[in-house]
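Student: Before we begin, could you set out the model so that we can both look at it while I ask about its fold and its individual residues?

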Amino acid sequence: MKALIIIDIQYDFLPGGALAVNHGDEILHTINELQTQYDLVVATQDWHPRGHKSFYTSHPGKEPFEEIMLNGLDQVLWPEHCIQGTKGAEFVSGLSTNAIEAIFRKGMDKEIDSYSGFFDNGRKKSTGMGDYLKGRGVTEVAVCGVAADYCVYYTANDALDLGFKSSIIAGASKPIDLERYDRVKKYFISKGGTII
């Protein structure tokens, strides 16, 4: 059984949002069309509490996109985004949600970031998505959304580690940094992932 995992199609990640991915709105139509081609559709939602430690504003004197060590892990300091209950954290109105069977929220622990839809960045806590997909008989996942070089990639990579056949849908994903995206794609392919 094949599942489509839609990553973080939220106002703050699309043009005009607090952490906008360039041209992120251009993949909406493709994502909506893709949903009919899979047996199961799930989505992730970045859902940060106020004052999350991944926000540069939680570290006086730091600038957006600086890198620090946070609880033993490399951490990019992001602008405040996808704060629980705000408009920026909502799914965009142009996303078709009728076929989405389950939504997995991530980034809720103030002390650790969570790029992957499966785990936080330290792999200390699971979102439950892996068990959910396995419980539904899923063996293969295709991942799309934003940002391709962060949350899409980390989700697709963790899917491989969990034993799923995993692919990234290039035409339905947009990266923040093209150079980083090229680098992580090569690593993903070397582990047995595919780009479709």
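Tutor: The turns below go through this predicted model, starting with the sheet and moving on to single residues.

Student: What is the order of the strands in the open sheet of 6 strands?

Tutor: The strands of this open sheet are paired in the parallel sense. Strand E5, residues 100-106, and strand E8, residues 194-195, each have a single partner strand, so they stand at the edges with one side left without a neighbour in the sheet. Reading from one edge to the other, the order is E5-E2-E1-E6-E7-E8.

Student: Which residue of E6 is the bridge partner of Ile5?

Tutor: Strand E1, residues 2-7, is paired in the parallel sense with strand E6, residues 140-146, and the pairing runs over 6 bridges. Within this pairing Ile7 has Gly145 as its bridge partner in E6. For Ile5, the bridge partner in E6 is Val143.

Student: Is E6 largely enclosed by the rest of the structure or left open, and why?

Tutor: Besides its pairing with E1 over 6 bridges, E6 also pairs with E7 in the parallel sense over 6 bridges, and there Ala142 stands opposite Ser167 of E7. Burial is counted here as under 20% relative accessible area. Because 6 of the 7 residues of E6 are buried, the strand is largely enclosed.

Student: At about what angle to E7 does helix H4 run?

Tutor: Helix H4 covers residues 178-190 and lies across two strands, E7 (165-174) and E8. Relative to E7, the helix runs at about 160 degrees.

Student: Which helix gives the most residues to the largest nonpolar core?

Tutor: The largest nonpolar core has 57 residues, and those with the most contacts inside it are Leu4, Ile5, Ile6, Ile9, Leu133 and Val141. Leu133, leaving aside neighbours within four places in sequence, is in contact with residues including Ala3, Ile5, Val141 and Phe164. The greatest helical or strand contribution to this core, 8 residues, comes from residues 148-161, which form helix H3.

Student: How many disulfides does a search of the whole structure find?

Tutor: Cys82 is in no disulfide, since a pair of sulfur atoms would have to be within 2.5 Å, whereas the nearest cysteine sulfur, that of Cys151, is 8.9 Å away. The sulfur of Cys144 is 13 Å from its closest cysteine sulfur, also in Cys151, and this is too far for a bond. Cys82 and Cys144 are each buried, at 0% relative accessibility. Over the whole structure the number of disulfides found is 0.

Student: Which backbone oxygen does the side chain of Ser114 reach?

Tutor: Ser114 lies in the loop between E5 and helix H2, residues 129-135, and counts as buried because its relative accessibility is 4%. Not counting residues up to four places away in sequence, Ser114 touches Asp46, Lys106, Gly107, Phe119, Asp120 and Asn121. The side chain reaches, at 3.1 Å, the backbone oxygen of Phe119.

Student: Is Asp8 buried or exposed?

Tutor: Asp8 sits in the loop between E1 and helix H1, which spans residues 28-34, and its phi is near 55 degrees, a positive value in a residue other than glycine. Since its relative accessible area is 0%, Asp8 is buried.

Student: What is the relative accessible area of Arg123?

Tutor: Phi of Arg123 is near 55 degrees, a positive value in a residue other than glycine, and the residue is placed in the loop between E5 and H2. Arg123 counts as partly exposed because its relative accessible area is 41%.

Student: What is the omega of the peptide bond from Val146 to Ala147?

Tutor: Ala147 is found in the loop between E6 and H3. The peptide bond that leads into it from Val146 is cis, with omega near -15 degrees.

Student: Is Ile196 buried or exposed?

Tutor: Ile196 belongs to the segment after E8, and its contacts, leaving aside neighbours within four places in sequence, are Tyr38, Ser167, Ile168, Ile169, Ala170 and Gly171. Its C-alpha atom is separated by 17 Å from that of Glu26, 170 residues apart along the chain. Despite these contacts, a relative accessible area of 52% means that Ile196 is exposed.

Methods: Residues numbered from 1 in each chain as written. Predicted model: local features only at pLDDT ≥ 70, side-chain atom pairs only at ≥ 80, totals over all residues. Heavy atoms only, no water. Pairing = 2+ DSSP bridges. Helix = DSSP H or I, 4+ residues; strand = E, 2+ residues; numbered from the N terminus. Contact = heavy atoms within 4.5 Å. Axes fitted to C-alpha atoms, helices over the stretch in contact; angles between N-to-C directions. Buried < 20%, exposed > 50% of the residue type's maximum accessible area, 1.4 Å probe, protein only. Polar contact = N/O pair within 3.5 Å; in protein donor to acceptor, adjacent residues only side chain to side chain. Core = buried A, V, L, I, M, F, W, Y, C linked by side-chain atoms within 4.5 Å.
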